[in-house]
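Biologist: I am new to this model and would like a close look at a single part of it. Please choose one loop, and then follow its surroundings outwards as far as seems useful.

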Amino acid sequence: MSKSKGMKEFVGLEEVTRLDFLVSLFAEILGTFLLVLIGCASCITWVANMPPSVLHIAFTFGLAVASLAQALGPISGCHVNPAVSVGLMVSGNCTFLKALSYMVCQCCGAIAGSAVLKLMLPQSQVTKGLGATTLGPEVSVGQGVVMEAIITFLLVLVVHAVTDSKRTDTKGWAPLAIGLTISVAHMAAVPITGSSMNPARTLGPAVVQNDYQHMWVYWVGPLIGGCVAGGVYRMGLRPNREDDEGSYDF
């Protein structure tokens, strides 16, 4: 593959200028909107001194993503997460402009989801928060970045594995596998970082509440994890790498 052709495929201008690409963008907005609305709703404390359990939150987010992946996967791939889009771009499964467009739509959908959640809640509940992710007591920003990077690495690695067209053993299992991965990560990381693994999911409540404390942690950690996962899968875990026509080379 020539360098110019490889660069053209990496940028993906032709792909994003097609009319049907608008449907994919809408799917990403809708998916992230629903994920943040439903997921963050599970984080609301309704009974004093009885916050929702980690298990409750974990399965809400996991099952929400599994459901969305089943519905929207054939349309846009159901990334609903900037870290997933960036990871797929690194591995050659998503063009630069597509990933960038998806990220903008994901952030817009997340903000809209959090805004609607705020409108749906009584004011007394709104003052308690909208399910924003925060660092646990005595957890440093460095520890938060590392934890977010690790759980996002796991998620993006699983996304690559179960959506790889060269693997026949994962057919039909992608939504469930991805949803369970998110649930497992939440069970481990909710007490530490709130288990975002999704910059858009953290951005939505932060914008609506106008509270951006430690926001960079939830961008840097997941994006690093997603990039590393995409690179690892591309370089070492992809089956029959030399025959993969869907990747780009410079």
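Modeller: Helices here are DSSP runs of H or I with at least four residues, and strands are runs of E with at least two, numbered from the N terminus. The model is a predicted one, in which local features need pLDDT of at least 70 and side-chain atom pairs count only at pLDDT 80 or more, while totals for chains, interfaces and linings use all residues. Residues are numbered from 1 along each chain as its sequence is written, and side-chain values use heavy atoms, with hydrogens and water left out.

The part I would choose is the loop between helix 9 and helix 10, where Met 197 is found and where Ser 195 also has its place. Most residues other than glycine have a negative phi. Ser 195, however, has a positive phi, near 55 degrees, and Met 197, which is not a glycine either, has a positive phi of about 50 degrees. Ser 195 counts as buried (under 20% relative accessible area with a 1.4 Å probe and protein chains only, where over 50% is exposed and in between is partly exposed), because its relative accessibility is 0%. Met 197 is likewise counted as buried, at 2% relative accessibility.

The two helices that this loop joins, helix 9 and helix 10 (199–209), each supply at least two residues of the lining of the second largest pocket. A pocket is an open set of points on a 1 Å grid over the protein atoms alone, where a 1.4 Å probe fits, with protein on both sides within 12 Å along at least five of seven lines, and its lining residues have an atom within 4 Å of a point. The second largest pocket has a volume of about 540 Å³, and among the 27 residues lining it, Gly 131, Ala 132, Thr 133, Thr 134 and Gly 194 come closest to its centre. Helix 10 contributes the most to this lining, with four residues. By class, the lining of the second largest pocket holds 12 nonpolar, 12 polar and three charged residues, where Ala, Val, Leu, Ile, Met, Phe, Trp, Tyr, Cys and Pro count as nonpolar, Asp, Glu, Lys and Arg as charged, and the others, Gly among them, as polar.

Helix 9 (174–193) also takes part in the lining of the largest pocket, to which helix 4 (54–76), helix 5 (82–90) and helix 8 (141–163) likewise each supply at least two residues. The largest pocket holds about 920 Å³ of space, and of its 44 lining residues Gly 77, Leu 88, Val 159, Thr 163 and Ile 178 lie nearest its centre. Helix 4 gives the largest share of that lining, seven residues, and the lining as a whole divides into 20 nonpolar, 17 polar and seven charged residues.

From the largest pocket, helix 8 leads on to another contact, since helix 8 and helix 11 (residues 217–237) pack with their axes 7 Å apart, at an angle of about 40 degrees. The two helices are therefore oblique to each other, a term for angles that are not under 35 degrees (roughly parallel), over 145 (roughly antiparallel) or 65 to 115 (roughly perpendicular). The contact of helix 8 with helix 11 is made up of 16 nonpolar residues, seven polar and one charged.

Technical notes: Points joined across faces, edges and corners; volume = space filled by probe spheres on them. Axes fitted to C-alpha atoms, helices over the stretch in contact; angles between N-to-C directions.
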